[in-house]
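Colleague: I've got a model open and I'd like to learn how to read it. Could you walk me through it, one feature at a time?

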Amino acid sequence: MQTTVGIIGAGPAGLLLARLLRNAGIDSVTLESRDRAYVEDRQRAGILEQGTVDALRSAGVAERMDRAGMVHDGIELRFDRSTHRLDFPALTGGRSVMVYAQTEVVKDLISRQLTGGIPLLFEAQVRSVEGADTDQPLVRYLHEGREKTLTCDYVVGCDGFHGVTRNAVPESVRTTYERSYPYSWLGILAQAPPVYDELIYTHSERGFALASMRSPAVSRLYLQVPNGTDPTDWPDGRVWDELDARFAVDTDPGWKLERGHVSSKAVLPMRSSVTEPMRFGSVFLAGDAAHIVPPTGAKGLNLAVSDVIVLARALIHEQNSGSTELLDAYSDTCLRRVWRAEHFSYSMTTMLHKDPAQSAFDTRLQLSQLHRVVNSRHAAAELAENYTGLPIG
Ligand code: FAS
Ligand code: PHB
């Protein structure tokens, strides 16, 4: 098979890139190792930045999001058994975020891709990407029990943290910067109406917790747990009790979460990682294939989107003008935003989580930082601008 752009991975990055290219008349083929049901049902992100919302709307895939998504104008921070709201539009000159699950974004993009006739192969496991330093890179993949090849002008690795495309960047030119964290998240999805209007991030002496949502009837909740935690050690009752304990505030001692059937429970490790450069020859990396952030700042999905917006713009420019100037600048353009998101995610994570090894002094530093955020318009605006998303490209 031959195409202009070979896209590896049908997560948000790969699917949105295919859509943006098709809208500009550029052909692509997307190869996804898993089946459609697996990709669509994978529980992941929940918050869309303004830039992501705008991109989905201009790509023509936002109809369901605009019907079912929930616009949020702020978040709550809880610490020292007190609660404080950050007003995003007031702090950012009008920006907000949209609560609309990544599973739904992926479903919308897949549905549009399949009806729009853009080649998307499921259960197509890419084995290798060869010839990155040529103008005809070759993708080898396994599909329907046979090894097949895809010849491209460009290959874009949107195959996530465990993908193979990163290996097409020779180790001699590839640098990976990493940080791991001494804790993980236990995430649950519950058929229980959220008793809060906006997301609540809490710092407590028992550890971090986050109350998010998927709809007026479905709650998405996270608890900080030790690395290596086995979800079976956390029966539903223990999860609910611990969440209530961590969200407790003195101003509303009766505040409790609404409980309901827990339909999914999983442990998510926390990691920061950046691979540089995000381009080698005719091979590009986008999304989690290039970088990972701890989910505290709700940046992962949104970074993937901003990468492919920059890349689509560069590919379209090259196809229309013959100039590779934007393609040549892709990696540097993306990495500026990636490192800003890495720092913000790291800051939110270390400000709110309880490191098992931290001292009482460290805890006082965290509380001082939290008091600063809720009492200084400048500090609050810095958090709000990063959370709602900085300009792309
Ligand atoms: P993805 O990982 O979504 O997609 C990569 C795709 O490539 C997958 O479908 C995979 O099957 C496919 N693939 C891999 N190897 C392949 C191969 N060899 N051949 C073909 N296909 C291959 N972010 C947030 O903002 N908030 C959150 O709460 C949050 N929770 C998360 C929970 C989990 C368990 C994980 C892993 C991530 C979470 N993230 C969260 C981050 C997540 O949303 C990512 O940032 C987002 O999925 C990135 O999208 P992609 O870059 O498209 O990568
Ligand atoms: C989610 O709803 O899954 C979510 C929201 C905000 C975060 C992380 C996850 O920071």
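**Reading the fold**

Modeller: Sure. This is a predicted model. Start with the radius of gyration: a compact globule of 393 residues would have a value near 21 Å, and the chain has 21 Å, so the two agree.

Colleague: What box do the C-alpha atoms fill along the principal axes?

Modeller: Roughly 65 × 40 × 40 Å. Inside that box, the chain has 12 helices and 19 strands.

Colleague: What share of the residues is buried?

Modeller: Buried means under 20% relative accessible area. By that cut-off, 54% of the 393 residues of the chain are buried. Then look at the outside: the accessible surface comes to about 16300 Å², with 49% of that belonging to carbon and sulfur atoms.

Colleague: And contacts along the sequence: what percentage comes from residues 24 or more positions apart?

Modeller: Taking contacts with a separation of 6 or more, such pairs account for 71%.

Colleague: How many positive and negative side chains are there?

Modeller: There are 41 positive and 49 negative ones, and the centres of the two sets lie 2 Å apart.

Colleague: On to helices. How do I check the length of one?

Modeller: Compare the span between its end C-alpha atoms with what 1.5 Å a residue would give. For H1, residues 12-23, the 12 residues should span 16 Å, and the end C-alpha atoms are indeed 16 Å apart. Try H8, residues 300-321, next: its 22 residues reach 32 Å from the first C-alpha to the last, close to the 32 Å expected.

Colleague: Why is H1 described as largely enclosed by the rest of the structure?

Modeller: Here's the general idea: an α-helix has 3.6 residues a turn, so residues three or four places apart point the same way. For H1, you count buried residues: 10 of its 12 are buried, so the rest of the structure largely encloses it. The buried set runs Pro12, Ala13, Gly14, Leu15, Leu16, Leu17, Ala18, Arg19, Leu20 and Leu21.

Colleague: What comes after these two helices?

Modeller: A glycine with positive phi. H1 is followed by Gly25, with phi near 80 degrees, and H8 by Gly322, also with a positive phi near 80 degrees.

Colleague: Which residues other than glycine have a positive phi?

Modeller: Arg81 is one of them, with phi near 60 degrees. You'll find Arg81 in the loop between strands S5 (74-79) and S6 (82-87). Ala298 is another, near 55 degrees, in the loop between strand S19 (291-292) and H8.

Colleague: Are Arg81 and Ala298 buried or partly exposed?

Modeller: Arg81 has a relative accessible area of 40%, so it is partly exposed. Ala298 is at 15%, so it counts as buried.

Colleague: I should look at omega too. Which peptide bond is cis?

Modeller: The one from Glu276 to Pro277, with omega near -10 degrees. Pro277 has its place in the loop between strand S16 (261-276) and strand S17 (279-280).

Colleague: Last one, Arg64. What is it in contact with, beyond its neighbours within four places in sequence?

Modeller: Gly69, Tyr100, Glu104, Lys107 and Asp108. Arg64 lies in helix H4, residues 63-68, and at 30% relative accessibility it counts as partly exposed. For a sense of distance, go from Arg64 to Gly145: they're 81 residues apart along the chain, and their C-alpha atoms are separated by 36 Å.

Methods. Residues numbered from 1 in each chain as written. Chains lettered and ligands numbered in written order. Predicted model: local features only at pLDDT ≥ 70, side-chain atom pairs only at ≥ 80, totals over all residues. Heavy atoms only, no water. Helix = DSSP H or I, 4+ residues; strand = E, 2+ residues; numbered from the N terminus. Expected span 1.5 Å × (residues − 1). Rg over C-alpha atoms; globule rule 2.2 N^0.38 Å. Buried < 20%, exposed > 50% of the residue type's maximum accessible area, 1.4 Å probe, protein only. Contact = heavy atoms within 4.5 Å. Areas by Shrake-Rupley, 256 points an atom, 1.4 Å probe, with all protein chains shown as cover. Lys, Arg positive; Asp, Glu negative; His and termini not counted. Charge placed at Lys NZ, Arg CZ, Asp CG, Glu CD.
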